[in-house]
Amino acid sequence: MQARANAAGFDDILVTGHSLRAGHATSAAINGAPIDRIAAQTRHRDLGTLLTHYIRPAAALATSTSRDLGL
């Protein structure tokens, strides 16, 4: 993941599978996707883990560099 991000010119941004998974889960939740569908996509069996470690507070998106990328 990091090598691909670096190749795309994002040398200063840490990119991991976890960050992509968390970004997907957070965006899906903000857009109203049901938690069971998010869990099925991210393959979480433990909804507690999904809710506490992957779905980030909406306020966190306000400071995310994703906004700078148009995401």
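Helix α2 (residues 17-30) makes a good starting point: at 1.5 Å a residue its 14 residues should span 20 Å, and its end C-alpha atoms are 20 Å apart, which agrees. The expected span here is 1.5 Å times one less than the number of residues, and helices are DSSP runs of H or I with at least four residues, numbered from the N terminus, while strands are runs of E with at least two. The model is predicted, so local features need pLDDT of at least 70 and side-chain atom pairs count only at pLDDT 80 or more, whereas totals for chains, interfaces and linings use all residues. Residues are numbered from 1 along each chain as its sequence is written, and side-chain values use heavy atoms, with hydrogens and water left out.

The buried residues of α2 (under 20% relative accessible area, 1.4 Å probe, protein chains only) are Ala 22, Ala 25, Thr 26 and Ala 28. They cover an arc of only 165° around the axis, which puts them on the same side of α2; the arc is taken from the directions from the helix axis to the C-beta atoms. Gly 32, with a positive phi near 90°, follows α2.

Across the protein chain there are five helices and zero strands, and buried residues account for 18% of its 71 residues. Of the contacts (heavy atoms within 4.5 Å) between residues at least 6 apart in sequence, 38% join residues at least 24 apart.

Turning to helix α4 (residues 47-54), Leu 47 lies within this element. Leu 47 is partly exposed (between 20% and 50%), with a relative accessible area of 38%.
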